[in-house]
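Please find below my notes on the model, arranged as numbered points. They deal with the surfaces near the DNA and with how the protein copies are arranged.

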Number of protein chains: 2
Amino acid sequence: MGETTQGKPRRGHGVSTAYETLKGEILELTLAPGSPVDESELSKRFGMSRTPIREALIKLANDGLVVTLPNRATIVAPLDFLDLPNFYDAMTLMYRVTTRLAAQNRTDEEVQVIRKLQGDYADAVAAKNVSRMIEVNRFFHSQIAKAGKNRYYIDLFDRLLDEGRRLLRFYYSSFNDELPEVYLDEHEQMIDAIERCDVETADRIAKQHADQIVRQIQSYIVDDRRLNAELAI
Amino acid sequence: MGETTQGKPRRGHGVSTAYETLKGEILELTLAPGSPVDESELSKRFGMSRTPIREALIKLANDGLVVTLPNRATIVAPLDFLDLPNFYDAMTLMYRVTTRLAAQNRTDEEVQVIRKLQGDYADAVAAKNVSRMIEVNRFFHSQIAKAGKNRYYIDLFDRLLDEGRRLLRFYYSSFNDELPEVYLDEHEQMIDAIERCDVETADRIAKQHADQIVRQIQSYIVDDRRLNAELAI
DNA sequence: TGTATTTTTGTTGTCGACAAATAAAATATT
DNA sequence: AATATTTTATTTGTCGACAACAAAAATACA
């Protein structure tokens with residue numbers, strides 16, 4: 001495994017591998033918010049020319065995960081704490097809308113997939129694997145949105161979930177407090193409502209779930225002394 | 001003005017000019033939905049290498065305005081009539097949310113800008129300039145969203161407004177029926193509500209306005225015989 | 001004549017190199 | 001010594017060329 005060149009990926013797969021890998025690292029905070037992203041460096045690392053790297057970075061910029069400063073460096077998008085209220089607002093609305101639609105449009109197969117992801121989530125909680133928990137939680141809600149089948153909502157929600165994943169990762173990595181098993185129960189209720197096609201209940205649980213997450217993030221921020229340092233910049 | 005090379009644009013402006021120009025042509029239906037977009041052709045046309053053209057196309061793909069078929073052509077995104085219900089749903093929700101937020105967060109300066117755009121819109125209606133009308137209408141609502149100051153909603157709404165602009169252009173170009181002066185009045189009421197910070201009224205007018213547009217598009221579709229030909233493909 | 005196989009053509013994905021633009025370093029100036 | 005100016009260095013934006021892939025054309029075969 002000492003090889004830097006791991007067998008040429010098929011034509012056209014260059015951009016997507018760079019894109020997927022970088023996206024994963026940004027969401028995991030392996031790449032710190034605000035840190036510079038060097039094209040030539042990535043070019044060497046992925047063993048490909050700068051062209052596909054650039055195309056991957058453009059996609060990441062469209063996702064809001066990196067920011068491109070013209071003629072200067074590209075940096076990993078900073079976590080914008082001042083904009084959090086807008087994030088909460090959009091997140092809550094999308095939680096509600098996607099869960100509602102899922103209750104309306106879900107197929108039995110989709111409910112199965114959602115239940116499986118909930119199983120994975122429970123496993124991660126049991127294993128106290130925080131990183132995995134956050135990751136699976138994102139896919140769980142994304143899958144619910146998919147069952148709603150409105151691509152406009154799906155796209156925005158995925159973006160919000162990614163942003164939320166970074167945010168949670170940011171605090172979990174430093175706090176290491178008790179894991180929120182509360183979510184497990186809410187997820188169960190959510191799935192049940194979706195399966196019964198009970199739109200109003202689905203909506204209510206979704207709102208409750210969103211509020212819970214907002215409160216959790218807020219409580220982290222209040223306790224976090226680093227925030228002052230961040231804001232001072 | 002017979003020059004094909006119109007003086008080299010400054011470094012970094014290559015991508016944006018190609019992007020803006022193509023976006024405008026796609027929204028105006030100068031480039032027909034489904035028609036192929038050739039990189040070398042554009043390269044010659046804009047007097048630049050294929051690299052900036054490609055980067056512009058990637059951005060357009062992220063906007064959902066072109067579709068890239070791997071290793072084959074890029075085409076202008078087709079108008080997806082089967083997905084219209086989802087479009088209506090998202091459009092209506094975003095109309096409401098952005099107008100509500102505008103009523104909450106607007107500054108006096110922003111109201112002035114909105115009023116100015118409404119003036120432009122009225123001019124276009126008076127001049128019976130359909131193309132201009134559709135264009136200004138898009139900027140009018142986009143400006144309202146900006147006054148709401150939630151970037152997540154702004155981005156989705158802009159995308160929906162663009163999609164709507166193509167849709168309206170598609171029908172106006174063929175029907176040429178009476179211009180909807182009804183919208184003028186609704187716009188006025190909308191601005192007033194925003195200026196008074198009357199959130200609930202703003203919401204109500206927004207919903208009413210969205211429903212009006214949906215009805216209009218629907219009535220076009222019912223009357224349109226081309227639709228069968230389109231769907232038959 | 002109709003189908004399968006090969007050849008050709010055209011377009012995309014990738015590459016390495018150069019030039020413009022900016023930041024950092026070095027020098028000059030008061 | 002502190003500021004202003006020039007020089008250097010690094011990184012991006014763009015270019016032209018080549019190779020891989022898919023579709024179309026041409027050929028072979030039944």
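1. In this predicted model, the surface near DNA strand D is made up of 10 polar, 8 charged and 5 nonpolar residues. Of the 23 residues around this strand, those that come nearest are Arg11(A), Glu39(A), Gly14(B), Met48(B) and Ser49(B). Two or more residues each are given by α2 (39–46) of chain A and by α1 (13–27) and α3 (50–62) of chain B.

2. Around DNA strand C there are 22 residues, and Gly14(A), Met48(A), Ser49(A), Thr51(A) and Glu39(B) come nearest. Here α1 (13–27) and α3 (50–62) belong to chain A and α2 (39–46) to chain B, each supplying at least two residues. The surface near strand C divides into 9 polar, 8 charged and 5 nonpolar residues.

3. How are the two protein copies related? A turn of 180° with a shift of 0.0 Å along the axis lays chain A on chain B, at an RMSD of 0.0 Å. The relation is therefore that of a two-fold rotation axis.

4. The contact between the chains takes 18 residues from chain A and 18 residues from chain B. On the side of chain A that touches chain B, α3, α4 (84–105) and α7 (151–175) each supply at least two residues. That side of chain A holds 9 nonpolar, 5 polar and 4 charged residues.

5. Through which surface do the copies meet? Of the interface residues of chain A, 100% are also interface residues in chain B, so the copies meet through the same surface.

Methods
Residues are numbered from 1 along each chain as its sequence is written. Chains are lettered from A and ligands numbered from 1 in the order in which they are written. This is a predicted model: local features need pLDDT of at least 70, side-chain atom pairs count only at pLDDT 80 or more; totals for chains, interfaces and linings use all residues. A residue is near a molecule or strand if its C-beta atom, placed from the backbone, lies within 6 Å of it. Helices (H or I, at least four residues) and strands (E, at least two) are DSSP runs, numbered from the N terminus. Ala, Val, Leu, Ile, Met, Phe, Trp, Tyr, Cys and Pro count as nonpolar, Asp, Glu, Lys and Arg as charged, and the others, Gly among them, as polar. Copies are superposed by least squares on the C-alpha atoms of residues with pLDDT of at least 70 in both. Two residues are in contact if their C-beta atoms, placed from the backbone, lie within 7 Å.
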